[in-house]
Amino acid sequence: MTTGFSVTNDVFARDILTVAQLNQAVSQLLERTIPALWVRGEVSNFTQAASGHWYFTLKDSRAAVRVVMFRSRASLVGFVPRPGDQVEIRARVSLYEARGDFQLQADGMRRAGVGNLYEAFLRLKTQLADEGLFDPARKRDPVRLPRAIGVITSLHAAALRDVLSALARRAPQVPVIIYPAPVQGADAAPRLAAQVALANARAEVDTLLLVRGGGSIEDLWSFNDEALARQVAASHIPVISGVGHETDFTIVDFVADLRAPTPTAAAELACVPRSELLRAADHAAGALARAQRRRLDQAAQRLDRAAACLVSPAQRLAHQRERLASLRHRLLAAWRAPQARRGARVELLMQRLAHRAPRVAPAQQRVQALVEYLRRAHARLLAARHSSLAGATGQLRAFDPHNTLARGYAIVRDAEGAIVRDAAQLAVGQRLELSLAHGGAAVDVAQVRKPDA
């Protein structure tokens, strides 16, 4: 495709440009002239920066172009491209002004050859996200110590063997219940959804693993089914998805309570390792034994102190009488002291109130002075306005056309009502209208006297 355009930017009309001015003008020209478009090619030199931005080269057999995809856009792609991948990107043509490098700024990416499937994936992802099915607030953490774990996958899948091996190694004490369903094919999605519903109806497991090995987007398409996604979102049992490899993303991954990069990782996330539980049990047993010994030691000390504190009833009564007398004295003191403090505070407040009583006389004098000042200002303002009105009235009378007519002048109009100012506009016999100070007259031109040249 050839894109034609004309340069109209005034910057090119200058005699001499700096390099920065030239690159800026070319960048603006590219961005204004070439709209966003889809480009297909092979990924090479791929780099994912610490900031999350992607930098790579898109090439074919004849040419190559540098591409940048910023983090906000890259996070929406759903996979991380690898060198050699054929992709299609939607991009805008730009110029990196600092080096003068021609480049593309990518806004979207999909795998080449699966554009329709990828578009359907993005539409469903947007729809379910708008409905709140991806909201982290609605997701639950898997049960730390499940009584049983359910696995939904094909009986012939390698993922099942990986999951069972991981569970046997990490938590052999946890029963595993398999809900078989095909993971690929036309009837895979409805049967997977049915097994999710069955596991919820039987309520015999605390965690569900929905797993499958890696494959192409077509192989994983059953896990992009809307009905399956809604069934997973509605599950009362926490669901861990482990579909494909780490770079593969499906709709089920977004609606599941937890997403694992692989089936084995899903099994590892579903339970605590048996060795860790045994260590925790040993630690708890040791802590319990230490706590029991401490309680026995403390009880022995309390018994010794209680034995030392035994006294006769007469001594106890005498001690209680002394304590009662002390408390009575303190009670009387506590009642008198606040009374005295309150009386002193009332006296202090009365003195402060006397000092802060408002002085009315000075305020009245100030109000009277302000009233007199306002009256004089009002009188001055009225006088100034009367003087201004008299001057304006005199000007209006001076420009009144009737005064001019009263001095003997007349206003001459032709038949159309236009005012005649030049005798050269008149013709003999033409009817004119005269406006005088008192009344008017209609006259005919008998003679025209033009002004001397």
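**Exercise 1. The annotated segment**

How much of residues 17-109 is helix and how much is strand, and how far apart are the end C-alpha atoms?

Solution.
- Note what kind of model this is: it is predicted.
- Take the record. A UniProt entry, unreviewed, lists residues 17-109 as "domain: OB-fold nucleic acid binding".
- Read off the composition. Over residues 17-109 the chain is 20% helix and 47% strand.
- Take the ends. Their C-alpha atoms are 37 Å apart.

**Exercise 2. Trace the barrel**

Work out the strand order of the closed barrel, then check its pairings.

Solution.
- Start with the order. Five strands close into a barrel that runs β1-β2-β3-β5-β4, and the pairing is mixed. From one strand to the next, the twist averages 55°.
- Pair β1 with β4. Strand β1 covers residues 37-48 and strand β4 covers residues 86-96. Six bridges link them in the antiparallel sense. Use W38 as a marker: its bridge partner in β4 is R90.
- Pair β2 with β3. Strand β2 spans residues 54-59, and strand β3 spans residues 64-69. They run antiparallel, joined by six bridges. K59 faces A64 of β3 as its opposite residue. The link from β2 to β3 is a hairpin through four residues.
- Pair β3 with β5. Here the sense is parallel, over three bridges. V68 has Q105 of β5 as its bridge partner.
- Pair β4 with β5. Strand β5 takes in residues 101-111. Ten bridges hold β4 and β5 in the antiparallel sense. L95 stands opposite F102 in β5.
- Look at the turn. β4 and β5 form a hairpin with four residues between them. In that turn, G100 has a positive phi of about 75°.

**Exercise 3. Place the helix on the barrel strands**

Which strands does helix α1 lie across, and at what angle does α1 run to β4?

Solution.
- Locate the helix. α1 is made of residues 19-33.
- Find the strands beneath. α1 lies across β4 and β5.
- Give the direction. The angle between α1 and β4 is about 135°.

**Exercise 4. Map the open sheet**

In what order do the strands of the open sheet come, and what is the sense of their pairing?

Solution.
- Write the order. Five strands form the sheet as β7-β6-β8-β9-β10, with parallel pairing.
- Mark the edges. β7 (176-180) and β10 (258-259) each pair on one side only.
- Check one pair. Strand β6 (residues 149-153) and strand β8 (residues 207-212) are parallel over four bridges. V151 stands opposite L209 in β8.
- Add the helices. α5 packs on the sheet and touches β6, β7 and β8. The direction of α5 makes about 145° with that of β7. α8 also packs on the sheet, touching β6, β8, β9 (239-243) and β10. The direction of α8 makes about 170° with that of β8.

**Exercise 5. Classify the α4 and α8 packing**

Are α4 and α8 roughly parallel or roughly antiparallel to each other?

Solution.
- Take the geometry. Helix α4 is residues 158-170, and helix α8 is residues 263-270. Their axes come within 8 Å and cross at roughly 30°.
- Apply the cut-off. Angles under 35 degrees count as roughly parallel, so α4 and α8 are roughly parallel to each other.
- Assign the hand. The crossing of α4 and α8 is right-handed.
- List the contact. α4 supplies A159, D162, V163, A166, L167, R169 and R170. α8 supplies P263, T264, A267 and E268.
- Sort the residues. The contact of α4 with α8 has six nonpolar, one polar and four charged.

**Exercise 6. Repeat for α5 and α6**

What is the hand of the crossing of α5 and α6?

Solution.
- Take the geometry. Helix α5 (residues 188-202) packs with helix α6 (residues 226-233) at an angle of about 15°. The axes are 8 Å apart.
- Classify. By the same cut-off of 35 degrees, α5 and α6 are therefore roughly parallel to each other.
- Assign the hand. The crossing of α5 and α6 is left-handed.
- List the contact. From α5 come A189, L192, A193, V196 and A197. From α6 come L228, Q231 and V232.
- Sort the residues. Seven are nonpolar, one is polar, and no charged residues take part in the contact of α5 with α6.

Notes: Residues numbered from 1 in each chain as written. Predicted model: local features only at pLDDT ≥ 70, side-chain atom pairs only at ≥ 80, totals over all residues. Heavy atoms only, no water. UniProt positions renumbered as here; feature names shortened; annotations may be inferred. Helix = DSSP H or I, 4+ residues; strand = E, 2+ residues; numbered from the N terminus. Pairing = 2+ DSSP bridges. Axes fitted to C-alpha atoms, helices over the stretch in contact; angles between N-to-C directions. Contact = heavy atoms within 4.5 Å. Parallel < 35°, antiparallel > 145°, perpendicular 65-115°, else oblique. Left-handed = near helix turned anticlockwise from the far one by under 90°. Nonpolar A, V, L, I, M, F, W, Y, C, P; charged D, E, K, R; others polar.
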